[in-house]
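Here's a walk through one protein chain, going from its core elements out to the overall numbers. Have the model open while you read.

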Amino acid sequence: MANSKYEYVKKFETDDRLPPSSWIVVRIDGCHFHQFSAEHAFEKPNDENALNLMNSCAASMLEQFPDIVFAYGVSDEYSFIWKETTQFYQRRASKLLSLSVSYFTSVYVMKWKEFFPHKELKGPPYFDGRVVCYPRAKIVQDYLAWRQVDCHINNQYNTCFWMLVKSGKTQREAQELLKGTQAKDKNELLFQQFNVNYDKLPQMFRKGSCVYRKKVEEVVKLVDTGNPVTRTRSKVVVEHKDIIGPKFWSELPYILKEE
């Protein structure tokens, strides 16, 4: 429609380019996933296959979009950190958000059978999303720490709640028993009533999942003597780390390196 009389409609489009020199966080969240997980009989409080499916989708995101430097996920939520210098689609919020949500969702559907080979996908999974900019890497670290603290609080509560329900309590009774309890009370409940040491539960449940590029040594070939020839390359990995303290970030400073 170039130079046509209808081109005036472009004036109604808004400029949604995000500010320069700022880190971009795209957070996606499952929409009505309580219903979706019930319909597909996900294990409570954590379904390992469902979490691994989310993690695999997040890894695909980093492979598809090189400007994503880190991702953190828990339950049906994932946050993707785009580097501060990205010029992907001129930093347009609508493009970053729509591409992130649509690509993640399509990969989720494509990979479903890989993680649930004996379950049919009964309904379409879908996600909502938001975009937030942060001016400094330290604030991004605090944002990720906030999400990991939230992971711990929710998982500890849900672990107690579903243990009580599976032991015969109604959901209302479980809620009443947990009302006003502190972290130490929940740990004590799990240990005394169910012989469960919360700190021994899988780290993926307690800490969530981190997806990032890691430098690894790989064998390229073997020479005639049988000795390996190796090279260092960047590989997308999924790990379950403590990202609240400074240790992780001091060991991997390149992830949130400011230009």
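Which residues of helix 2 are buried? They are Ala50, Leu51, Leu53, Met54, Asn55, Ser56, Cys57, Ala58, Ala59, Ser60, Met61 and Leu62. Keep in mind that this is a predicted model.

**Two helices**

That list makes helix 2 mostly covered, with twelve of its 17 residues buried. An α-helix has 3.6 residues a turn, so residues three or four places apart point the same way. Does the length fit as well? Here are helix 2 and helix 4 side by side.

| Helix | Residues | Expected span | End-to-end C-alpha distance |
|---|---|---|---|
| Helix 2 (residues 48-64) | 17 residues | 24 Å | 24 Å |
| Helix 4 (residues 137-166) | 30 residues | 44 Å | 43 Å |

For helix 2, the end C-alpha atoms are 24 Å apart, in agreement with the 24 Å expected at 1.5 Å a residue. Helix 4 agrees too, at 43 Å between its end C-alpha atoms against an expected 44 Å. After helix 4 comes Gly168, which has a positive phi near 120°.

**Strands 1, 2 and 3**

Now for strand 3 (residues 77-82). Six of its six residues are buried, so strand 3 is largely enclosed by the rest of the structure. Glu77, Ser79 and Ile81 point one way, while Tyr78, Phe80 and Trp82 point the other way, and all are buried.

Strand 3 has pairing partners to look at. Strand 1 runs antiparallel to strand 3, and six bridges join them. If you want a landmark there, find Ile24, which stands opposite Trp82 in strand 3. Strand 2 (residues 68-74) also pairs with strand 3 in the antiparallel sense, again over six bridges. Here Gly73 has Tyr78 as its bridge partner in strand 3. Strands 2 and 3 form a hairpin with two residues between the strands, and Ser75 takes a positive phi near 55° in it.

**Arg27 and Ser22**

Is Arg27, in strand 1 (residues 23-30), buried or exposed? Arg27 has a relative accessible area of 13%, and because the cut-off for buried is under 20%, Arg27 counts as buried. Leaving out residues up to four places away in sequence, Arg27 touches Glu77, Tyr78 and Ser79, as well as Asp128, Gly129, Arg130, Tyr143, Trp146 and Arg147. Glu77, Tyr78 and Ser79 belong to the buried set of strand 3. Arg27 and Pro125 are 98 residues apart in sequence, and their C-alpha atoms are 16 Å apart in space.

Ser22 sits in the segment before strand 1. With a relative accessibility of 5%, Ser22 counts as buried. What does Ser22 contact, leaving aside its neighbours within four places in sequence? Its contacts are Lys83, Glu84, Arg91, Cys133, Tyr134 and Pro135.

Val9 is also found in the segment before strand 1, but Val9 is partly exposed, with a relative accessible area of 39%. The C-alpha atoms of Val9 and Ile139 are separated by 39 Å, and the two residues are 130 residues apart along the chain.

**The second hairpin**

Further along the chain, strand 5 (residues 209-222) and strand 6 (residues 228-239) pair in the antiparallel sense over twelve bridges. One pair to pick out is Val211, which stands opposite Val238 in strand 6. Strands 5 and 6 form a hairpin with five residues between them. In the turn, Gly226 has a positive phi of about 95°.

**Stepping back**

How do these pieces fit into the whole chain? The secondary structure comes to eight helices and six strands, in the order β-α-α-β-β-α-β-α-α-α-α-β-β-α. The C-alpha trace spans about 70 × 70 × 40 Å along its principal axes. Of the 259 residues in the protein chain, 41% are buried. Among contacts between residues at least 6 apart in sequence, 71% join residues at least 24 apart.

As for the surface, the accessible area comes to about 15,300 Å², and 52% of that belongs to carbon and sulfur atoms. The protein chain has 37 positive and 32 negative side chains, and the centres of the two sets lie 2 Å apart.

Notes
Residues are numbered from 1 along each chain as its sequence is written. This is a predicted model: local features need pLDDT of at least 70, side-chain atom pairs count only at pLDDT 80 or more; totals for chains, interfaces and linings use all residues. Side-chain values use heavy atoms; hydrogens and water are left out. Helices (H or I, at least four residues) and strands (E, at least two) are DSSP runs, numbered from the N terminus. Buried means under 20% relative accessible area, exposed over 50%, partly exposed in between (1.4 Å probe, protein chains only). Contact means heavy atoms within 4.5 Å. Accessible areas come from the Shrake-Rupley method with a 1.4 Å probe; for residues, only the protein chains shown count as cover. Lys and Arg count as positive and Asp and Glu as negative; His and the chain ends are not counted. The place of a charge is taken as NZ of Lys, CZ of Arg, CG of Asp or CD of Glu. Two strands pair if DSSP finds at least two bridges between them. The expected span of a helix is 1.5 Å times one less than its number of residues.
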